[in-house]
Amino acid sequence: MPPHDPTALVLGAPKLALAVLFAATGVYHLLLFRRVQSFREYLWFGLVGLTLGLNAWLSSGWFGLLVADEATFTRLLAGNFHVQVVVFLFFFVALLDLPVTRLVAVFVGVHAALAATMFVAGNPWVYETTLVVRVLLVLPPACYALFITIRAALRGHREARIVLLGGVPLFLAIVHGRLMEAGLVGGVQLTSYAFALFVGSMALTLADRFGRMHTELVQSNAELERLNQATARFVPFSFLSLLGKGSIVEVGLGDQVQREMSILFSDIRSFTTLSEQMTPEENFEFINQYLSRMEPVVNEHGGFIDKYIGDAIMALFDGGARQALSAAVGMLHELERFNEERATRGQAPVRIGI
């Protein structure tokens, strides 16, 4: 149990500050996971932060100000230690996009059982009696986490290389710290500070991943917008609206509605003769100029073009024949303006039938 004298509390202040930092980091990443639940690494890193915060608080000496029970202190310290092993393993597996193998399941099962045991019965005698065995049981999962990270880094995994910068010092500090606790080696306990370095590097890694996800989302939305615009050239939104659909992806095979519609057909008179007098490029430019003038007129009168049939237009009107007739008159007025422009270029007038 940590001492309660003022000097010990002052000396424990840096670890208390680390506890607050770890806990804040954990809460922040749990909130991120709530927003983006497909990123499991945010969940596990959030739990890593909380367990590290609890451990730093317990070892700071400030815990004794709230709870003066040494049995409670040892149960929390020992049980939380094995919870850390579990959440760290799951974090590494999620970050490196790896499956939960049988070996990982064994590690998790062992340390979950140890955590439950220590939370329930981890009094000081049990803590001291089982300390060496429990410390040695940490080494296999720690070595495994280091191995899969190195392997991923060698295979070009972007985050794995950053993980190693904070992971290797942490691995060495954990091994040294656990051996110190077991009385097998001497030295200074640096585990908390190695954890701080690791948490900082992981926070940068996850922030980078979140930034890249945002960039990819923006690019995906832009691509989707371009796709919608391209689709609208062939399937007007007004047509989808009649079917009660918001986008083309909602349309299923056999979807249909029955309505009374007015249908407008128009075509260019003697279009074949006109075409034979133009090159393919001129033909293409002419038909695009003509159709681009007619479509807005149809839209202005409450209709939409269902299809183009060469030079012909098929337009639908849901509001009655008067709309279609008004659109026809509007098309003839627009044709007059179109022919006036053609006349200035010395081109023959165009006639249409509706």
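**A walk from the sheet outwards**

Let's start with helix H12 (residues 321-344), which lies across S1, S3 and S4 and runs at about 20° to S1. Keep in mind that this is a predicted model.

What does H12 lie across? Those strands belong to an open sheet of four, in the order S2-S3-S1-S4, with antiparallel pairing. At its edges stand strand S2 (303-309) and strand S4 (352-353); each has a single partner strand, so one side of each has no neighbour in the sheet. Helix H11 (residues 280-300) packs on the sheet too, touching S1, S2, S3 and S4, and its direction makes about 155° with that of S2.

Now look inside the sheet. Strands of a sheet pair through backbone hydrogen bonds, either parallel or antiparallel. Here, strand S1 (residues 262-268) pairs with strand S3 (residues 312-317) in the antiparallel sense, over five bridges. To find your place, look for Ser262, which stands opposite Phe317 in S3.

Step back, and you can count twelve helices and four strands in the protein. Of its 354 residues, 41% count as buried. Among contacts with a separation of 6 or more, 66% are between residues 24 or more positions apart.

And the outside? The protein exposes about 19,500 Å², with carbon and sulfur atoms supplying 64% of it. One spot to visit is a nonpolar surface patch of about 300 Å², made by Val106, Val110, Val133 and Leu137. Helix H5 (102-121) and helix H6 (124-154) are the elements that give two or more residues to this patch. Val133 has its place in helix H6. With a relative accessible area of 52%, Val133 counts as exposed, because the cut-off for exposed is over 50%.

Methods:
Residues are numbered from 1 along each chain as its sequence is written. This is a predicted model: local features need pLDDT of at least 70, side-chain atom pairs count only at pLDDT 80 or more; totals for chains, interfaces and linings use all residues. Side-chain values use heavy atoms; hydrogens and water are left out. Patches are made of residues with over 30% relative accessible area and no salt bridge: like charges are joined within 9 Å, nonpolar side chains (Val, Leu, Ile, Met, Phe, Trp, Tyr) within 5 Å. Accessible areas come from the Shrake-Rupley method with a 1.4 Å probe; for residues, only the protein chains shown count as cover. A salt bridge is a side-chain nitrogen of Lys or Arg within 4 Å of a carboxyl oxygen of Asp or Glu. Buried means under 20% relative accessible area, exposed over 50%, partly exposed in between (1.4 Å probe, protein chains only). Contact means heavy atoms within 4.5 Å. Two strands pair if DSSP finds at least two bridges between them. Axes are lines fitted to C-alpha atoms, for helices over the stretch in contact, and angles run from 0 to 180 degrees between N-to-C directions.
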